[in-house]
Every structure is written in C-alpha cells, then in structure tokens.
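Hello,

Here is the structure I promised to pass on to you. Have a look at it first, and then read on for my notes on what turned up.

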Amino acid sequence: MGRARRRTLVVDAGEPRNAPAAHMRGYLSRDGMPPAEFLEIGRKEIARYGVELVRDTAVDITRETRDTRETRETRDTRETRETRDTRETRDFTVMLASGRTVQGRRLVVATGLKDVLPDVPGVAERFGKDVLHCPYCHGWEVRDRAFGVLATTPLSVHQALMVSQWSKDVTFFLHTVEQDELPDDDLCRLAAAGVDVVPGEVDGLVVAGDRVTAVRLKDGTTFAREVVFTTPGAVPQTDLLARLGAELYQTPFGSYPVVDSTGRTTVPGVWAVGNAWASPSRS
C-alpha cells in the first residue's frame, strides 16, 4: 500500500500466531529465521514507504455513514467547508487499547486466527517446542523420533496418518474420542500405516530436562514419546467485523465474513485478508 502511494497506518498488537515457534520453516530464503526477526525486517521495510506503524490493539471500530456526517455538518455551522471536507473522508474510527483513536477512509482487517489448545497439562507450555501441529512446518526437524498424536476430534486420524511420513514410530492417543467414533476404514488405514491406537483420556505430558519424555494417561499408564502433535482449535478473530455489521457465515471452524473475490466484505469500504476471511478448509 505504501508503494502504491496510499497513506497507510498499520495497527499491530504484536501477537503473531507463530510467536511460539522458534524458527520459520519452508519460507524460501528465510528458512530457519526466528519469526520475530522476520517481522522486524518487515516493519523496517514498510517504514521506508511512509507506512505508519502503531504498536497497539484495536478494541472497537465505528463507521460513520454519510447521513450522520450530513446531519453533523448541518448542525455545526461554525466549521469551514474545508474542515468539513477533510473530516468527511474519515469513514472509520478505530479505538485502541491505549485510548487513542485513529481514522481512515478504508479498512483492511487482518486479525487472523487464534489457536485454542487441548486442555491437557504440558501442552500449552511445550507448544512450538516439542508439541507441534504442522509436520510440514516442523516435521523435518523431528524426523524419525517417537511421535505421539493427541486427538481432538475424529478428524485427527488425518493428522496421525500424515505425520507417519516423518516417523515410523507413531502412537495415536484417542484422548476424549471414543474408538467406536472412528470408521472401520480409518482404523484399517491407521493399522496399514503402522500407527498404534491407544484409547483412554490423556492426563498430561511428562516433561524432564526441558523436553517431553512421555504421555501419561488418566489410569497412570505412560508411553515414552519425544514429540507430540495435536490440532488446535483455530478460532477466527472476527469480533471487529461483527461490530461493524459485516455479514458472517457459519463453518465447522467458526464464523467468517462473506466476501467477494477481492476480499471485500458486505460493509462498504471494509476488506478482510488472510485467515480473517479464509477458514482452514479454504486456505
């Protein structure tokens, strides 16, 4: 936007989804770079084009309609026409956590997703280290180790089969998923891939020396594992869009805005980009 000579302000809460990860993987020319370093380079680059960066959190947004502006202009006869024209272009007011407000004619929402992890002791603490969710992001670094896959839904079968490309020692912990919830075809596919299926709720991860060493069930049984994969619930951060009155539609992954092919929402002047509009099933 800066290179297009658009006056642009970015509100950045400094909470990227990949913050738990120590390194980026699979990004051409940046493989192994810490995410924080990548972001810092990006912030310096946009500054060269006059883009203003505000380190804050957007907590609310209001939109001023043309009728509202005309009513205000009629009442406020003390303002000059030049001032009124300037104010008329500011369609949106964004309230920040610091108390500051910023205005703009157009709004791009890039609030993405929030990962909600299984409520199992040790999972949140080790997430991004040896508790992982994407084998394409981290599989190479942990290849051939003893994997555990912590189920969150019956669809976790797909993850268990997928990670078996990186290790032949995979144990699938059903946790709160009952074995009879899995189709016979899925059980056959797991067996064919050499994945061991363990029923029973997981009580927690055993951590020693700053690494996962085992998965412990509620009955006290432990299984030696070095890496645990799980699928977090990816919750779309669409509260601000809802406040603006954007039309949303329901998916198995949460509520997403209705957009056209350019990402334009049903609210004039508002676009959604990235995972603010594309559910995991479409991205």
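Let me start with one histidine: setting aside neighbours within four places in sequence, His 138 is in contact with Ala 21 and Leu 132, where contact means heavy atoms within 4.5 Å. His 138 sits in helix H5. Helices (H or I, at least four residues) and strands (E, at least two) are DSSP runs, numbered from the N terminus. With a relative accessibility of 15%, His 138 counts as buried; the cut-offs are under 20% relative accessible area for buried, over 50% for exposed, and partly exposed in between, with a 1.4 Å probe and protein chains only.

Before the rest, a word on conventions. This is a predicted model, so local features need pLDDT of at least 70 and side-chain atom pairs count only at pLDDT 80 or more, while totals for chains, interfaces and linings use all residues. Residues are numbered from 1 along each chain as its sequence is written, and side-chain values use heavy atoms, with hydrogens and water left out.

**Confidence and overall make-up**

The protein chain has a mean pLDDT of 90, and 89% of its residues reach 70 or more; pLDDT is the predictor's confidence in each residue, from 0 to 100. Residues 77–89 are a stretch to treat separately: the pLDDT there is below 50, and beyond near neighbours in sequence the stretch has 12 contacts in the model.

The chain holds 8 helices and 19 strands. Of its 283 residues, 37% are buried. Taking contacts between residues at least 6 apart in sequence, 57% join residues at least 24 apart.

**Helix H6 and its surroundings**

How many of the residues of H6 are buried? In this helix, which runs over residues 156–163, 7 of the 8 residues are buried, so H6 is mostly covered. The buried ones are Ser 156, Val 157, Gln 159, Ala 160, Leu 161, Met 162 and Val 163. They pack against two helices, H5 (135–138) and H7 (184–192), and against strands E9 (147–150), E10 (170–173) and E15 (227–230).

Two packed helices are described by the angle between their axes and the distance between the axes. For H6 and H7, the angle is about 15° and the axes are 10 Å apart. Axes here are lines fitted to C-alpha atoms, for helices over the stretch in contact, and angles run from 0 to 180 degrees between N-to-C directions. H6 is therefore roughly parallel to H7; the classes are under 35 degrees for roughly parallel, over 145 for roughly antiparallel, 65 to 115 for roughly perpendicular, and oblique for the rest. The contact is made by Val 157, Ala 160 and Leu 161 on the H6 side, and by Asp 186, Arg 189 and Leu 190 on the H7 side.

Two residues of H6 are worth opening in your viewer. Leu 161 lies in this helix and is buried because its relative accessibility is 15%. Not counting residues up to four places away in sequence, Leu 161 touches Arg 189, Leu 190 and Ala 193. Its C-alpha is 9.2 Å from that of Gly 194, with their positions 33 residues apart in sequence.

Met 162, also placed in H6, is buried with a relative accessible area of 15%. Leaving aside neighbours within four places in sequence, Met 162 is in contact with Pro 135 and Tyr 136. The C-alpha atoms of Met 162 and Ala 193 are separated by 9.6 Å, and these residues are 31 apart along the chain.

**Backbone and cysteines**

Which phi does His 175 have? The value is positive, about 55°, although His 175 is not a glycine. This histidine is found in the loop between E10 and H7 and is buried, with a relative accessible area of 11%. Asp 210 is not a glycine either, and has a positive phi of about 60°. Asp 210 is in the loop between strand E12 (202–207) and strand E13 (212–217), and counts as exposed at 58% relative accessibility.

Finally, a search of the whole structure finds 0 disulfides, a disulfide being a pair of cysteine sulfur atoms within 2.5 Å. Cys 134 is buried, with a relative accessible area of 16%, whereas Cys 188 is exposed, at 52%.

Best wishes
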